[in-house]
Amino acid sequence: MYENRKLVIAALMIMLGLTIISRLLYVQILTDRYREEAEMNSRRKVIQYPSRGLISDRKGKLLVSNQPVYDLMIVGREVERFDSVDFCNTVGIDMPTLRGLFAEHRRQVRNHKASNYKPAIFLRQLSVDQYAALQERLYRLPGFYAQRRTLRKYEYPVAANVLGYVGEVSDRFIASHPYYAPGDYVGISGIESSFEEQLRGRKGVNYLMVDVRGRVKGELYEGKYDTAAISGQDLTLSLDIDLQSYGEKLMQGKTGAIVAIRPQTGEILCMVSAPSFDPSLLVGRDRSVNFPILSKDPDKPLFNRAIQAWYPPGSTFKTVNALIGLAEGTVTPETRYPCHRGYSIGSFHLGCHNHASPLDLRQSIQNSCNAYYCYEFRELIDNKKFKNVQEGLDCWKDHLVKFGLGYRLGVDIANENRGFIPNSAYYDKAKGKNWNSLGVVSLSIGQGELLLTPIQMANVAAIIANKGWFYTPHVVHKIAGGHIDSLYTVRRETGIDSAYFSIVQDGMESAVWGANGGTARAAQVPGVRVCGKTGTAQNPHGRDHSIFMSFAPREDPQIAIAVYVENAGFGATWAAPIASLMIESYIKGGVDPKRKHIEDRILGMSTIGQAGKPEAAKTTKTAAKKDKNPERAMPEHLEPIAPTPSLQALPAASPGVSPDVGLKIDVQ
């Protein structure tokens, strides 16, 4: 009996010991609660947020700066009863909002995303005035204190899609980026995203001694463990904000893009995506209201058409096909082809406008002859030096890749699209392996399945201006205390003889200034040798798209530009004069008052909502015979070609750019 009692007592002692040990293990190792409570009785860790780097344009004009705001922090266990009405009046909220803030904090604590023993954000982004009023009352609000941080301030209401915007990090983002913590901000799009690491700087921390009521008593160990915040690096962009503002003004009421590049450096002078928005709409507490409105807007202002939209290049692409033909020896400057209002083979006919015939290569660019490029393209890919048409087409595509087409150029703005250049494998799958050059002849005039982005089109203009080479287009000119990526400082060659580019330049200059006329006369700028090429891409869903590609002045190119106006009609009617105004504004510093009537006409034109409206004089075969206008396309639709899966994935934000790829015939 005595022995049994000893065993029972021993078992109880062992159980008691195990209980004490497990409790100590839990308190000291498995939970931070008591450590946090003890630490919070004596010290507080305050994050010092750095100012994001400033952003300026090429002339030193400040584009993006910072403005101070204050987050109201809460330590839940220290909060006591307070005058909630006075609190709401001070910070500009109502009672339901205040109750919601407390409910959200409790939810965060339950989900272990916040602690009652550590500071957490209670109310974000108080203005300087709100903070000043609150500061006088903080002594009556135990458990609350304010923490300073900065918000972006956009000095101009333009360039939203270039600059981008900043937003709060998500839990998913934090999981893969340990530098960030809940409540931090990160660049979401544009330059703010691409250069986040340079712009964000480095956070600092201050350790403060506090009493049991959370009142600050001084620095912990005289600041021995404090670290200073380091401001982000300042960026200087290649943008000319005056040119950017003017381009956005000209594109008001329109859908499309303007991209201008300085050919010698690859620096982007302007990048207009229309419709756009004021970047200040996505700053501060207003962002939560404005972002859903912008994202649901049917005109897609958040979509950067300059680098994301896919468009057929239309007749602007004839310049590239001319260069490839010259390089491959299938055409010479003196080569002439006939045109009898189009290209006809048996029952096949691809229309063209009325002009002199036959034309040589320079004249074919000047007059934008469709027939010339049908002959030239078929001569290229049917050439006997190739085993078959597949090999000929792939040779053609290889040249395009060296122009930076069919793949992302590598622009230093996030979310660039690659466009689409079909190869033989695509047609083998879409048509079977017995297809021939006639079935893909629409590629000769920049249509069919061929799709480029506006930045790629502007880069083609820069390549022609440079006679065969380019630097990867980029927006950031300089990083304070840093270096530009070598991608933007290495010259890229097309491998085509510079002499051939001079021939194409002759044709482009004649298109603008030719004594016997040309399709791009609307692009003339008095006193400036403008070289240009128009395009009008047919839109199966409504009005044609107006395109123009240009550079100037010819003797010393300072600007290469591509303009794309959706649902606007002919390239010569709208895109060309817009480009001429942009060129004049950049080179001459403004538009001559004598040419203000052109500006007024452009400003008075609106195309938004025209996507599904046919043109007043649709260019059918019958109407074409009666049409005296040499600028008008005269199409004959051919058998539709099946769309590629990559085209079916085209973003919905590019109206008029459809995966329903049929043969779209263009003249200018």
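For these entries I take contact, and hence packing, to mean heavy atoms within 4.5 Å. I also remind myself that I am reading a predicted model.

**Entry 1: the whole chain**

I began with the overall counts, and I noted 23 helices and 20 strands in the chain. Of its 668 residues, 54% count as buried, and the accessible surface comes to about 29200 Å², with 52% of that area belonging to carbon and sulfur atoms. I then looked up how far along the sequence the contacts reach: among those between residues at least 6 apart, 73% join residues that are at least 24 apart.

**Entry 2: helix H4**

I turned next to helix H4, which runs over residues 95–110, and checked its length against expectation: at 1.5 Å a residue its 16 residues should span 22 Å, and the end C-alpha atoms lie 23 Å apart, which agrees. Which residues of H4 are buried? I found Leu-98, Leu-101, Phe-102 and His-105. These cover an arc of only 90° around the axis, so they sit on the same side of H4. Pro-96, Arg-99 and Arg-110, on the other side of H4, are exposed. I then followed the buried residues to their partners, and I found that they pack against strand E3 (62–74), helix H3 (84–91), strand E4 (120–126) and strand E5 (144–154). After H4 comes His-112, which I noted for its positive phi, near 60°.

**Entry 3: backbone angles elsewhere**

Strand E4, one of the partners of H4, also holds Gln-125, a residue other than glycine with a positive phi near 55°. Gln-125 counts as buried because its relative accessibility is 11%, and the cut-off for buried is under 20%. I recorded a similar entry for Asn-567, which is not a glycine either and has a positive phi of about 55°. Asn-567 lies in the loop between E20 and helix H20 (571–588), and with 3% relative accessibility it counts as buried.

I also looked up two cis peptide bonds. One runs from Ser-357 to Pro-358, with omega near -5°, and Pro-358 is in the loop between strand E14 (348–351) and helix H14 (361–367). The other joins Ala-552 and Pro-553, with omega about -20°, and Pro-553 is in the loop between strand E19 (542–552) and strand E20 (559–565).

**Entry 4: salt bridges**

A search of the whole structure gave 25 salt bridges, and I looked at some of them in turn. In one, the side chains of Arg-52 and Glu-196 meet at 2.9 Å, N to O. This pair links distant parts of the chain, 144 residues apart, with Arg-52 in the loop between strand E1 (43–48) and strand E2 (55–56), and Glu-196 in helix H9 (residues 196–200). Both Arg-52 and Glu-196 are buried.

In another, Glu-509 and Arg-529 meet at 2.8 Å, N to O. Glu-509 is in helix H19 (residues 498–513) and Arg-529 is in the loop between H19 and strand E18 (531–539), so this pair ties together parts 20 residues apart in sequence. Glu-509 counts as buried at 15% relative accessibility, whereas Arg-529, at 36%, counts as partly exposed.

How far apart are the closest N and O atoms of Glu-599 and Lys-596? I found 3.5 Å for this salt bridge. The two residues both lie in helix H21 (residues 596–603), three residues apart, which is about one turn of the helix. Glu-599 is buried at 5% relative accessibility, while Lys-596 is partly exposed at 34%. Finally, I noted that salt bridges sharing partners join Arg-362, Asp-506, Glu-509, Arg-529, Arg-554 and Glu-555 into one network.

**Entry 5: a surface patch and a partly exposed serine**

On the surface I found a nonpolar patch formed by Ile-9, Met-13, Leu-16, Ile-20 and Leu-24, which together have about 500 Å² of accessible area. Of these I looked up Ile-20, which is in helix H1 (residues 2–30) and is partly exposed, with a relative accessible area of 45%.

My last check was Ser-193 in helix H8 (residues 190–194), which is partly exposed at 23% relative accessibility. Leaving aside neighbours within four places in sequence, Ser-193 is in contact with Gly-187, Ile-188 and Ala-414. Between Ser-193 and Tyr-165 I noted a C-alpha to C-alpha distance of 7.8 Å, although they are 28 residues apart in sequence.

Terms used: Residues are numbered from 1 along each chain as its sequence is written. This is a predicted model: local features need pLDDT of at least 70, side-chain atom pairs count only at pLDDT 80 or more; totals for chains, interfaces and linings use all residues. Side-chain values use heavy atoms; hydrogens and water are left out. Helices (H or I, at least four residues) and strands (E, at least two) are DSSP runs, numbered from the N terminus. Buried means under 20% relative accessible area, exposed over 50%, partly exposed in between (1.4 Å probe, protein chains only). The expected span of a helix is 1.5 Å times one less than its number of residues. The arc is that of the directions from the helix axis to the C-beta atoms. Patches are made of residues with over 30% relative accessible area and no salt bridge: like charges are joined within 9 Å, nonpolar side chains (Val, Leu, Ile, Met, Phe, Trp, Tyr) within 5 Å. Accessible areas come from the Shrake-Rupley method with a 1.4 Å probe; for residues, only the protein chains shown count as cover. A salt bridge is a side-chain nitrogen of Lys or Arg within 4 Å of a carboxyl oxygen of Asp or Glu.
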